Amino acid sequence: MTSEAFYNNEKWWTKNQAGEAILKVENIPISHIGTDPAQAEDMANRKVALPSNLGITDNRFGFALKYLVENTVNLIYSEHNPPLSDADRKRMDGNMPNEIQAELAYKVRPLNGVWATPPYLHNGSVPTIDDLLGDPEKRPTKFYLGSREYDPVKLGYKADPITNGFEFDTSIRGNSNRGHEFRKDFSKEKEIKGVIGPELSADDRKALIEYLKTL
Ligand code: HEM
């Protein structure tokens, strides 16, 4: 990610309203990535009770959140002393519109520093990167959070039972460790939900892990 080719490639970059470069971060539909749908579905389907003084009429959680954040920010701006110009407000908004969304999709986040952020996937259901890239059937179905002992080979914390650790059970709703799978039956022609690449050999996995460590 330090090469000029990356920074000059239009595929990866767009511009904000001030013409500054912004990294494009794609949302991949759950129907493709196949990871646990609960978080996105709840964001889209959950309804919230809205006190009338908020002046928000859309009671879907994701959208109510969008307007609540925007209204709160605008209130703070309006109380600012000395008063803020429109240009100041835009700058403080990052020169971007409020695009909080409730899509049935998850983001492909840049993987910089990803070695340091186990457990993986949006719901933290996969303890190490080695598990994420390896045989999906071998991903741990129960593991323990709380250890600070880092495993530099698999890239994750040790997940054996520990005193006062928290048992993460992937069979509970919202905790599924499925999706983002590399399998023998991957095909570019016929999409299989949750299968995003071909089976990776132990050497390929190791090479990818060594590469990810450098980011
Ligand atoms: C060898 C290739 C790949 C590697 C090494 C890789 C690595 C990773 C890692 C480490 C994460 C976890 C990030 C985190 O928990 O913070 C992740 C998440 C994700 N990746 Fe990949 N990835 C690869 C290919 C792909 C492809 C081909 C796609 C698109 C189809 C994709 C889409 C995603 C998405 C949408 C997430 C977030 C899923 C969720 O949190 O539920 N990845 N990837």
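**Two domains and a ligand between them**

User: Where does the ligand lie, relative to domain 1 (4-106) and domain 2 (111-213)?

Analyst: Both domain 1 (4-106) and domain 2 (111-213) give residues to the shell around the ligand, so the ligand lies between them. Keep in mind that this is a predicted model.

User: Which residues are closest to the ligand, and how many surround it?

Analyst: Think of the shell as the set of residues with a C-beta atom within 6 Å of the ligand. Here 18 residues surround the ligand, and Ile28, Thr35, Tyr106, Tyr120 and His122 are the closest. As for elements, α6 (129-133) and β10 (195-198) are the ones that give two or more residues to that shell.

User: How many residues of the shell around the ligand are nonpolar, polar or charged?

Analyst: Sorted that way, the shell has 12 nonpolar residues, 5 polar ones and 1 charged.

User: Now the domains themselves. What separates their centres, and how many residues are in contact?

Analyst: For contacts, you count residues whose C-beta atoms lie within 7 Å of each other. In this model, 9 residues of domain 1 are in contact with 16 residues of domain 2. The centres of the two domains, taken over C-alpha atoms, are 28 Å apart.

User: Which elements give two or more residues to the side of domain 1 that touches domain 2?

Analyst: Those are α2 (30-33) and α3 (38-45). The largest share comes from α2, with 3 residues.

User: And what classes of residue does that side of domain 1 have?

Analyst: On the side of domain 1 touching domain 2, you'll find 5 polar, 3 nonpolar and 1 charged residues.

Note on methods:
Residues are numbered from 1 along each chain as its sequence is written. This is a predicted model: local features need pLDDT of at least 70, side-chain atom pairs count only at pLDDT 80 or more; totals for chains, interfaces and linings use all residues. Domain bounds come from an automatic or database domain assignment. Two residues are in contact if their C-beta atoms, placed from the backbone, lie within 7 Å. Helices (H or I, at least four residues) and strands (E, at least two) are DSSP runs, numbered from the N terminus. Ala, Val, Leu, Ile, Met, Phe, Trp, Tyr, Cys and Pro count as nonpolar, Asp, Glu, Lys and Arg as charged, and the others, Gly among them, as polar.
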